[in-house]
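Here is a quick tour of a helical packing problem. Have the sequence and the coordinates open as you read.

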Amino acid sequence: MAIAAGVCAANIYYNQPVLKAIAASLHTTESNVGLVAVLAQAGYGFGLFFITPLGDKFNRKKLILCLQSLLILALLGMVFIQNRIGIFSMSLIIGCCSVAAQVLLPMAASLETKNKGKTISIVFSGILIGILAARVFAGFIAEWLGWHYVYALSAVMVFISMLTIQYSLPDVKQAFTGNYPELLKSAVYQIVRFAKLRQAALLGALVFGAFCSFWTTLTFHMSGAPFHFGSDEIGLFGILAIVGALAAPYIGKRIDNGNPAKAQLYTTSILLASVIILKIFPFSVAAITVAVLLLDLGVQATQLINIAIIYTLDEKANSRINTIYMTCYFIGGALGTFIGVQCWEAGGWSLVTSQLVVMSLFAFATAFYIYKKR
């Protein structure tokens, strides 16, 4: 389940290290191509709200397989379509269908009763590693074969994961018996129902917004002076980020018996420290390396804590609760990407890092508020 979730989630982020290559092939500007990343994340947010609640009503296994089938078609569309509007459209559809990963996550939570935090963290770490490895994979494939091959190979991987899911996951009957409008209404009601969900959603949106803003604009920063790195070299930074994701199962195990609010305060402090380093040392590869390690550790640990919190609220409504949290989470990512691209166009890396500091300060203030309330 962790591997399948990672394979699906990775599709939203293949575009980030290859934005420059896509811009060149389409004969357009970097800011216009940045919309590819925004649309993928916006599509993911749309799918989270309108598709993932169905996991509480229908057979989750069949829903996952349906989404993956559509995802393969959209990935092949990215391979063969040669115009900007078509690529924008396929990017939006890829985002929508990649929410198969978020159907897998509540499914894992519902199948486990004893060590829920550890189990969720394993599947969530698969999603995180998929997101981070996507940059390494896309960077190298685009550099040596061309960016179209990134999506062609992804279509093959999704197909293989489909076969694995078909023959390994169980069929589980879901509890919700209402119609689709009632399902969406029930999902929205979870916001009113749980203060912890509202707090986790806001914090998640802020830290993921910083995460996406950084990774999108890092491509532009590292491909220009004084670095002049290629797509493959930029993608290598994703390997550093995977280190933080690999710690996720250990963190999840500790969460089962820990103090989540206090942990959120610590993890957002790590995020803030990382962006301050980026601000002070904008042209140091060593400083950026350290900042990548800290930023991804802070973001991933915060999100893992949030996930563990929300899955203790109501097991029968896991998909709907996950819908609200993850919709806010990826809306934050889409906004972070959009703001990051605009800051890059307006003021370069200096303005980007200033925006990252502001966003991280808001995240820390939110974590501090949660800690004080509890």
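At what angle do helix α4 (residues 60-80) and helix α6 (residues 100-111) pack, and how far apart are their axes? The angle is about 160°, and the axes are 9 Å apart. That makes α4 roughly antiparallel to α6. Their crossing is left-handed.

Some ground rules before going on. This is a predicted model, where local features need pLDDT of at least 70 and side-chain atom pairs count only at pLDDT 80 or more, while totals for chains, interfaces and linings use all residues. Residues are numbered from 1 along each chain as its sequence is written, and side-chain values use heavy atoms, with hydrogens and water left out.

The helices here are DSSP runs (H or I, at least four residues), numbered from the N terminus. Axes are lines fitted to C-alpha atoms, for helices over the stretch in contact, and the angles run from 0 to 180 degrees between N-to-C directions. Angles under 35 degrees count as roughly parallel, over 145 as roughly antiparallel, 65 to 115 as roughly perpendicular and the rest as oblique. A crossing is left-handed if the near helix is turned anticlockwise from the far one by less than a right angle, and right-handed if clockwise.

**Helix pairs**

| Pair | Angle | Axis separation |
|---|---|---|
| α4 and α6 | about 160° | 9 Å |
| α10 and α15 | about 155° | 10 Å |
| α10 and α14 | about 25° | 12 Å |

**Around α6**

Who meets whom between α4 and α6? On the α4 side you'll find Arg60, Leu63, Ile64, Leu67 and Gln68, and they meet Ala100, Val103, Leu104, Pro106, Met107 and Ser110 in α6 (contact means heavy atoms within 4.5 Å).

Leu105 also sits in helix α6. With 0% relative accessibility, Leu105 counts as buried (buried is under 20% relative accessible area, exposed over 50%, partly exposed in between, with a 1.4 Å probe and protein chains only). Setting aside neighbours within four places in sequence, Leu105 touches Ile120, Val123, Phe124, Ile127, Ile307, Tyr311, Asn322 and Met326. For Leu105 and Gly139, 34 residues apart along the chain, the C-alpha atoms are separated by 27 Å.

**Around α14**

Helix α14 covers residues 260-280, which is 21 residues. At 1.5 Å a residue it should span 30 Å (that is 1.5 Å times one less than the number of residues), and its end C-alpha atoms are 31 Å apart, which agrees. Its buried residues are Ala261, Gln264, Leu265, Thr267, Thr268, Leu271, Leu272, Ser274, Val275 and Leu278. A handy reminder for reading that list: an α-helix has 3.6 residues a turn, so residues three or four places apart point the same way. What covers these buried residues includes α10 (195-223), α15 (285-310) and α16 (318-373).

Take Leu265, one of the residues in α14. Its relative accessible area is 15%, so Leu265 is buried. Beyond its neighbours within four places in sequence, Leu265 is in contact with Phe364, Ala367, Phe368 and Tyr371. The C-alpha atoms of Leu265 and Ala365 are 8.8 Å apart, with their positions 100 residues apart along the chain.

As for α10, the angle of about 25° to α14 goes with a roughly parallel pair. In that pair, Leu203, Val207 and Phe214 in α10 meet Gln264, Thr268, Leu271 and Leu278 in α14, and α10 passes α14 in a left-handed crossing. Turning to α15, the angle with α10 is about 155°. That makes α10 roughly antiparallel to α15, and this crossing is left-handed too.

**The loop after α10**

What joins Ala225 and Pro226? A cis peptide bond, with omega about 0°. Pro226 is in the loop between α10 and α11 (231-235), and His228 is found in the loop between α10 and α11 as well. His228 has a positive phi of about 55° although it is not a glycine. With a relative accessible area of 55%, His228 is exposed.

**Cysteines**

How many disulfides does a search of the whole structure find? Zero, where a disulfide is a pair of cysteine sulfur atoms within 2.5 Å. For Cys97, the closest cysteine sulfur is in Cys96 at 6.4 Å, too far for a bond. Cys97 is buried, at 5% relative accessible area. For Cys328, the closest cysteine sulfur is in Cys212 at 14 Å, again too far for a bond. Cys328 counts as partly exposed, at 28% relative accessibility.

Methods. Helices (H or I, at least four residues) and strands (E, at least two) are DSSP runs, numbered from the N terminus.
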